[in-house]
Each structure stands twice: as C-alpha cells, then as structure tokens.
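User: I am new to this structure and would like to see how its labels are earned. Could you walk me through a few of them?
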Amino acid sequence: MNASVFVELRFWVLVAFSLVLPAGIYAALLRTRAISRLAVLGFGIALVLIAGVDVYLLQSLAALARHTPSLADDAVFLSELSIALYVLPVVFGGIGVNLISHVLLHHLTEAEKRFEREHPGA
C-alpha cells in the first residue's frame, strides 16, 4: 500500500475524468458550428458517465485514504473539503442530463408535429 493516495493510479484517473475529458467535450461543443442530435446525445451520455466514474473514484479514494498514514489525504478526501470535490460530478451530470433532455424534447416535438400532420382530426 502506498503512503498517499496522490500517487495512486486511481487519483490520476480521477484528474483525467474530472478535468481533461470534460474540458475536451466542452471545447468540442463550443468549437462546432453545426452538430447532429446523435453527437449531442453522445456528449450528454458521456458527461453522465464521467460523473458516475468521478463519484466512484472519489468514494474509492476516500476509502483508501482512511488506511494511509498521510494527513494530506485525510484533509482532502475525509474532511468537509471532500464535499467540494463532488461539485464537478454534479455539474457534469447536470449538463449531461440537460443535453440528453434537449435531444429527447426536440425529438418528441417533431414526433408530435408529424402525428398532427398525419392525423389532422385526432
């Protein structure tokens, strides 16, 4: 067992999933001028999955921090500060759900219009 969770692979995966991947997704979304619904749906699902992986990794690192002698681990993962670490997954999950919802609502609106055209008396 390592003396600190900051040298664990899980910690660096957390950094990648919390900062690098979402930044890449947001950059791709902001850079594109035209995007398909399927791509928006894919980005939304990716953000929700990233949020889930982040929460899992935070819980895993907190459990690991309980068994390390390092006080820095305790200060970050076992104190009130750890609540702040959950803000990023909440934001990613929220944005992902909004993207998925946007695609579904747009699809349902078009389906309702199509139904009204095909069944004018209904």
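Analyst: Gladly! This is a predicted model. Let us start with S70, which, leaving aside its neighbours within four places in sequence, is in contact with A3 and S4. S70 sits in the loop between α2 (37-65) and α3 (71-77).

User: Why is S70 called buried?

Analyst: Its relative accessible area is 17%. Buried means under 20%, so S70 earns the label.

User: What makes the link between S70 and A72 a polar contact?

Analyst: A polar atom of the S70 side chain lies 3.3 Å from the backbone nitrogen of A72, and the cut-off is within 3.5 Å.

User: How many aromatic pairs are there?

Analyst: The count is four. One of them joins F11 and W12, with ring centres 5.1 Å apart.

User: Why is the pair of F11 and W12 called edge-to-face?

Analyst: Their planes stand at 80°. Over 60 counts as edge-to-face, so the name fits this pair. Ring pairs also link F11 and W12 with F6 and F77 into a cluster.

User: And why is the pair of Y26 and F92 called tilted?

Analyst: The ring centres of Y26 and F92 are 6.3 Å apart, and the planes are at 50°. Stacked needs under 30 and edge-to-face over 60, so this pair is tilted. It links distant parts of the chain: Y26 is in helix α1 (residues 9-31) and F92 in helix α5 (residues 87-118), 66 residues apart.

User: How do you know that Y26 is partly exposed?

Analyst: Y26 has a relative accessible area of 23%, which falls between the 20% and 50% limits. F92, at 4%, is buried.

Notes: Residues numbered from 1 in each chain as written. Predicted model: local features only at pLDDT ≥ 70, side-chain atom pairs only at ≥ 80, totals over all residues. Heavy atoms only, no water. Helix = DSSP H or I, 4+ residues; strand = E, 2+ residues; numbered from the N terminus. Buried < 20%, exposed > 50% of the residue type's maximum accessible area, 1.4 Å probe, protein only. Polar contact = N/O pair within 3.5 Å; in protein donor to acceptor, adjacent residues only side chain to side chain. Contact = heavy atoms within 4.5 Å. Phe/Tyr/Trp six-rings, centres within 6.5 Å; stacked < 30°, edge-to-face > 60°.
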